[in-house]
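Subject: The structure I promised you

Hi there,

Here is the structure we talked about, so please open it in your viewer before you read on. My notes on what turned up in it follow right below.

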Amino acid sequence: MDLPFEPYRIKVVEKIQRVSREERVKHLRAAGYNLFKIPAEAIYVDLLTDSGTGAMSDLQWAALMSGDEAYACSKSFAEFESTIKDIYGYKHVIPTHQGRAAEGMLFTVTLKPGDVVPNNIHFDTTRANVEHIGAIALDCIGAEGLDPATEGPFKGNMSLDNLRAAFDKYGTPRIPFVMLTITNNSGGGQPVSMANMKAVSAFCREVGVPLILDACRFAENAWFIQQREEGYADKEIKDICREMFALAQGCTMSAKKDGLVNIGGFLCLDDDAWAQDVTNLLILREGFPTYGGLAGRDLAAIAQGLREVLDPDYLAYRIGQVARLGRRLDELGVPYLRPTGGHAVYLDARKALPHIPQSQFPAQVFTAALYLEGGVRGVEIGSLMFEHKDPDTGEMVSPAMELVRLAIPRRVYTHTQLDYVAESCARVMEIGERLRGLKITWEPPALRHFTASLEPVGGGKMIAKA
Ligand code: F0G
């Protein structure tokens with residue numbers, strides 16, 4: 001019989017504070033309707049991100065105690081490096097303090113202004129790091145991956161036609177490498193199939209350009225391949241991971257996701273020259289090559305986390321919990337991007353709030369209302385995050401989807417707490433017609449969603465009187 005419950009016992013607990021609705025109203029106004037600026041203790045169920053928010057295991061806490069803090073060539077680095085080589089199979093392992101540091105350094109040594117990086121969909125920090133250099137971040141997802149309503153096993157797949165068109169348009173010399181994000185976070189946490197990875201990899205070989213995986217949620221992607229792709233049902237998760245990684249020449253990794261830790265990341269590369277250039281920069285920016293911005297104990301906890309994340313009981317429970325939240329939302333009539341992803345459910349705000357135009361941030365409105373109604377924090381993945389200037393026309397382009405991501409931290413919340421989240425979403429749907437749009441009152445020049453301030457269009461309250 002399958003394990004019928006959580007594959008762990010709870011050893012340490014953290015109290016959730018009660019916060020009245022009046023206090024939530026005050027917090028939301030003070031935060032300029034931006035959930036990133038709400039104090040965490042004023043939140044009941046925090047689904048802002050699955051990044052660095054997971055619970056570590058007893059063995060990971062033990063690894064923290066036994067971590068080796070030697071400045072150079074520590075025992076913990078040796079364990080970190082050998083564990084990663086065993087799973088990922090790349091020649092060079094470069095530790096960084098988190099994923100974006102790995103991206104930033106790789107892009108600094110490989111890209112120049114005017115270059116182009118195709119990806120299925122760039123995550124926001126990845127896009128920002130590409131654009132920071134003056135290069136173009138090009139999304140090559142297929143049409144299916146942009147349609148929230150269609151069901152599909154591998155909606156993270158890259159369109160080979162779009163990829164080919166990118167090479168035809170910009171030419172190979174302007175494209176130093178191709179990226180593939182597994183799972184595709186900005187497109188609903190949807191997996192990429194092994195067949196698609198093979199096709200992208202073969203195309204890259206044909207044009208002589210390396211393929212780099214954005215591998216933050218690699219184990220979740222492997223689990224979907226095992227469950228959904230023909231020929232993989234009997235393969236071990238680790239073997240599927242090795243097969244995925246063998247199709248690329250390196251990867252960027254945020255260990256805050258499938259490394260099951262609160263901080264950390266790394267970059268893996270096969271290419272000696274790129275690895276040397278990155279290492280030179282690493283010493284300037286992050287630290288000596290055997291700790292790269294982390295403590296020895298962090299490296300030890302990552303090595304243990306990477307071993308645990310491959311456990312099929314863990315993955316079945318983890319992804320099953322996300323799917324279960326989706327089923328509760330179905331019962332309550334709350335629309336979301338189909339199917340549920342590996343780490344999150346993405347509510348479809350356009351469908352939920354059809355009267356609010358994209359220019360008034362419907363997904364941000366839903367996010368704010370969800371906090372007011374239930375003390376639940378999600379994150380907007382819509383116009384506030386992704387509206388951008390078209391590199392060719394210079395015009396502002398809205399993203400295809402307006403989503404509210406409810407990202408589930410790993411091993412943190414119970415089914416009961418997620419049932420409460422579903423019910424809070426249903427309450428927002430009930431008052432949906434009374435919700436008003438938002439407008440920006442202040443924004444920074446880049447990555448505005450983190451710090452921008454907003455207010456209800458026309459002033460006054462966000463929820464109109466019944
Ligand atoms: N790539 C992907 C696909 C990501 O989801 C993230 C982070 C990064 C790169 C950057 O990693 O945070 O360690 O610097 N995603 C988090 C999220 C922040 O909420 O989805 P990082």
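P339 lies in the loop that runs between helix α12 (312–332) and strand β9 (344–348). Have a look at the bond leading into P339: the peptide bond from R338 to P339 is cis, with omega near -15°. Please keep in mind throughout that this is a predicted model.

There is another cis peptide bond to find, and this one joins I182 and T183, with omega at about -15°. T183 belongs to the loop between β5 and α7 (194–207).

While you are in that part of the chain, take a look at T181, which is in strand β5 (residues 178–181). Is T181 buried or exposed? T181 has a relative accessible area of 4%, so it is buried. The cut-off behind that word is that buried means under 20% relative accessible area. The side chain of T181 also has a polar partner: it reaches the backbone oxygen of I121 at 3.5 Å.

Next, the backbone angles. Two residues that are not glycine caught my eye for their positive phi.

- C73 has phi near 55°. You will find C73 in the loop between α2 (58–66) and α3 (75–88). With a relative accessible area of 61%, C73 is exposed, because exposed means over 50%.
- F361 has a positive phi of about 55°. F361 sits in the loop between α13 (349–352) and α14 (362–374). F361 is buried, as its relative accessible area is 6%.

Now for the ligand. How many residues surround the ligand? The count is 18, and the closest are T49, R100, S254, K257 and R405. Sorted by class, this shell holds nine polar, seven charged and two nonpolar residues.

Here are some contacts you can try to find yourself:

- An N or O atom in the side chain of R100 is 2.7 Å from an oxygen atom of the ligand.
- A backbone N or O atom of G99 is 2.8 Å from a ligand oxygen.
- For K257, a polar side-chain atom lies 2.9 Å from a nitrogen atom of the ligand.

On its own, the ligand has 470 Å² of accessible area, and the protein covers 94% of that. Which elements give two or more residues to the shell around the ligand? They are α4 (99–110) and α5 (124–132). Of the elements, α4 gives the most to the shell, namely three residues.

Let's move on to the largest nonpolar core, which has 63 residues. The members that touch the most other members are Y88, V178, F218, M244 and F245. Helix α8 (residues 218–228) is the element that gives the most to this core, with six residues. Why does the core lie between domain 1 and domain 2? Both domain 1 (21–50 + 311–456) and domain 2 (58–308) give residues to this core, so it lies between them. As you can see from those ranges, domain 1 is listed as two stretches of the chain, 21–50 and 311–456.

M244, one of those core residues, is found in helix α9 (residues 237–246). M244 is buried, with a relative accessible area of 0%. To get a feeling for the scale of the model, try the distance tool on M244 and G382: they are 138 residues apart along the chain, and their C-alpha atoms are separated by 30 Å.

You can do the same with two further pairs. W223 is in helix α8 and is buried, with a relative accessible area of 12%. From W223 to M65 it is 158 residues in sequence and 31 Å in space, C-alpha to C-alpha.

The other pair starts at S57, in the loop between β1 (45–46) and α2. S57 is buried too, with a relative accessible area of 12%. Between the C-alpha atoms of S57 and I381 there are 30 Å, and the two are 324 residues apart along the chain.

Write back whenever you get stuck, and have fun exploring!

Best wishes

Conventions:
Residues are numbered from 1 along each chain as its sequence is written. This is a predicted model: local features need pLDDT of at least 70, side-chain atom pairs count only at pLDDT 80 or more; totals for chains, interfaces and linings use all residues. Side-chain values use heavy atoms; hydrogens and water are left out. A residue is near a molecule or strand if one of its heavy atoms lies within 4 Å of it. A polar contact is a pair of N or O atoms within 3.5 Å; within protein, one must be able to donate a hydrogen and the other to accept it, and residues adjacent in sequence count only if both atoms are side-chain atoms. Accessible areas come from the Shrake-Rupley method with a 1.4 Å probe; for residues, only the protein chains shown count as cover. Helices (H or I, at least four residues) and strands (E, at least two) are DSSP runs, numbered from the N terminus. Ala, Val, Leu, Ile, Met, Phe, Trp, Tyr, Cys and Pro count as nonpolar, Asp, Glu, Lys and Arg as charged, and the others, Gly among them, as polar. A nonpolar core is a set of buried Ala, Val, Leu, Ile, Met, Phe, Trp, Tyr and Cys residues joined through side-chain atoms within 4.5 Å. Buried means under 20% relative accessible area, exposed over 50%, partly exposed in between (1.4 Å probe, protein chains only). Domain bounds come from an automatic or database domain assignment.
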